[in-house]
Each structure stands twice: as structure tokens, then as C-alpha cells.
Amino acid sequence: GKTIVVTGCASGIGLETARVCKQWGATVLGVDRTMTQEHVDALYKVDLTDPAQIRELLRVLPAGIHGLANIAGVPPTAPAEVVLKVNLVGLKALTLGLIPKLADGASIVNLASLAGFDWANHVSSIHAAEQLDFDDVADFVATHDAGDANGRSYFFSKEALVAWTLQNRWTWRERGIRMNAVSPGPVDTPILGDFVQTLGARAEEDMRVMDRPGTPADIAPVVAFLLSDASGWIRGTNLAVDGGMSSHLLSNLH
Ligand code: NAI
């Protein structure tokens, strides 16, 4: 079986992904800031806003990992700096640091969001964030449109994550390591209310269009598929799992 690292394994989509990966025969190494042990073979308690804790995690994780599911994330109601650190800077630090411990042919899956849908209209900010490190986040938030207003930092974190995933489609090609993103619409987890609060009336309109919010069970098998060899020729893609919401947003088509 494969060894899969799942961040955000203590709740919501990450918890269900850990469960599905185990069901599919994997050994699951969970990473979260909380200590839930469900569905994981080992749990690493790490705060992904802290570069020292990420470095320590990278030191203690075993080599030969076949998959990394970057699922930990915070909602738009969290402070902008925390959003950018967990959803983008910490995710990238963990991923880039883990490359030497990945097995050839490994698969990386980044949990982005429908919130990252509009990435192509924010390319200059995305470029400005390419080398962003933990120490620069406060300054970046103050000087770019990734500031806090209306949860913009969350949208930006996901836009930049989608772009980063697409940009790195060939980066580890020689070792057969591939990376993809999954972009859910609103999913019924403990943070759904945070999105509804941020989006206001638009959230209700979105729910009407989609018939219902997603559930972790709508998302986790897609992540597990992208981690599996069955998806071996899918790379650099951002897969929407959103009840049709992203195609609805391309409203000039219909
Ligand atoms: P959740 O709150 O149920 O789970 C998030 C997990 O990440 C929690 O276990 C939490 O402890 C962990 N986490 C947060 N900050 C952390 C930190 N600093 N260090 C380590 N772990 C940390 O949320 P959910 O909904 O399962 O979210 C998972 C991912 O899906 C997130 O990246 C989120 O942005 C994304 N997403 C969620 C949607 C939704 O409507 N729920 C929609 C689209 C994307």
C-alpha cells in the first residue's frame, strides 16, 4: 500500500480523505494542529503558521511517501495573515520541503476552492506572492489586494494556490511527481458558516444554484483518486467539484 500524508486530517474534508485513503489500503500520516487520532496511522501535531514546526515535521516524516494531500486551511473569517500562512505559504513550505522524501511517481493534491476560480484576473498579485515567506506576509497583506476586506485574503490564497499548482505541472517531471488541485464549492463542514457569513446573500444564491452544499464525502474520493495511480496522466489540473457552480459562473456561455 501507499503512504499518504494528509494535512487538516482532524476535521471536515481532511478527516474524510484520511478515512477514504485508509479504506483504499493506504497508510495515513495525519498532520493537524489538533490531536484527533481518527482514521490515521500516525498523527503529527503541527501548526502550519509556524516555519519551525514545519521544519521539525519535515525532519521526522519518513522517506518514501507516495502522496501528499494538502487539505488544512482556514476560512475567510480568520485574520488575513493566518489565512495566507496556512492556505498558501505554509502549504508551499511543507510541499517543497517534502519533495526529497517523496517516492518517484508520487502525487500531490492541493485543496483549493471555488474561491480561487478568478485567479486569471489577479496574476500580478499572484506573481508578487511567488517568493512570499512567513516573515513577509504582514507586509504583503498591507500592500496588496490580499488584505482582509470581505475575506479577500481567502480568495487570494486560493487563487495563488490554483496558479501555483498549474505552474508546477512539469517541475518534478523527471521523478514522475505530479501535482493537481481540487476546487470544491461550499461544503458542509464546521467552516461552512464562515463562508456564508463572508459571502452574505451570494452564499444563499450559490446554494440555490447547486441544489445543496457539498459534503466531505463528495470531495474526499476525488482527492483519493488524484492520489492514486489511476489518475497518473492527470497533472497540473484544477478539478472543480462544485455541483456545477463554476460552469454556472461562466455565464457568458449560456
Ligand atoms: P475544517 O475546519 O473542517 O478542517 C480544516 C482543518 O485544518 C482542521 O482540522 C484544522 O485544525 C486544520 N488547520 C487549520 N489551521 C491549521 C494550522 N495552522 N495548522 C495545522 N492545521 C490547521 O475545514 P474544511 O471545510 O474541511 O476545509 C478543508 C479545506 O477545504 C480548506 O483548505 C478549505 O479552505 C477548503 N475548502 C472548504 C470549503 C468549505 O465550504 N468547507 C470549500 C472549498 C474549499
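Let's start with the largest cavity, where α6 supplies the largest share of the lining, 4 residues. Keep in mind that you are looking at a predicted model. Which residues line this cavity? They are K92, I126, A129, E130, A160, A163, W164 and Q167. Sort them by character and you get 5 nonpolar, 1 polar and 2 charged. The space inside comes to about 50 Å³. A search through the whole structure turns up 1 cavity of 30 Å³ or more.

How do you find empty space in a model like this? Rolling a probe the size of a water molecule over the atoms shows where empty space is left.

Now let's move on to the largest pocket. Its volume is about 980 Å³. Of the 45 residues that line this pocket, G73, V74, Y154, I191 and F195 are the closest to its centre. Several elements take part in the lining: α1, β2 (27–32), α3 (80–98), α6, α7 (192–199) and α8 (201–210) each bring at least two residues. Which of them gives the most? That is α6 again, with 4 residues. As for the mix of residue types, the pocket lining divides into 27 nonpolar, 10 polar and 8 charged.

So what is in there? The ligand sits in this largest pocket. Look at the shell of residues around the ligand, and you'll find that the elements giving two or more residues to it are α1 (12–23) and α6 (152–167). The shell holds 29 residues, and S11, D32, Y154, V187 and T189 come nearest to the ligand. You have met Y154 already, as one of the residues closest to the centre of the pocket. By type, the shell splits into 17 nonpolar, 8 polar and 4 charged residues.

Next, zoom in on single atoms. S11 places a polar side-chain atom 2.6 Å from an oxygen atom of the ligand. With D47, a polar side-chain atom lies 2.9 Å from a ligand nitrogen atom. L48 takes part through its backbone instead: a polar backbone atom of L48 is 2.9 Å from a nitrogen atom of the ligand. How much of the ligand does the protein bury? Taken alone, the ligand exposes 830 Å², and the protein buries 96% of that.

Here's a way to pull it together. Follow α6 through the model: it gives the largest share of the cavity lining, it gives the most to the lining of the largest pocket, and it is one of the elements that give two or more residues to the shell around the ligand.

Notes. Residues numbered from 1 in each chain as written. Predicted model: local features only at pLDDT ≥ 70, side-chain atom pairs only at ≥ 80, totals over all residues. Heavy atoms only, no water. Near = heavy atom within 4 Å. Polar contact = N/O pair within 3.5 Å; in protein donor to acceptor, adjacent residues only side chain to side chain. Areas by Shrake-Rupley, 256 points an atom, 1.4 Å probe, with all protein chains shown as cover. 1 Å grid on protein atoms, 1.4 Å probe; cavity = no way out; pocket = protein on both sides within 12 Å on 5 of 7 lines; lining within 4 Å. Sits in = over half its atoms within 2 Å of the grid points. Nonpolar A, V, L, I, M, F, W, Y, C, P; charged D, E, K, R; others polar. Points joined across faces, edges and corners; volume = space filled by probe spheres on them.
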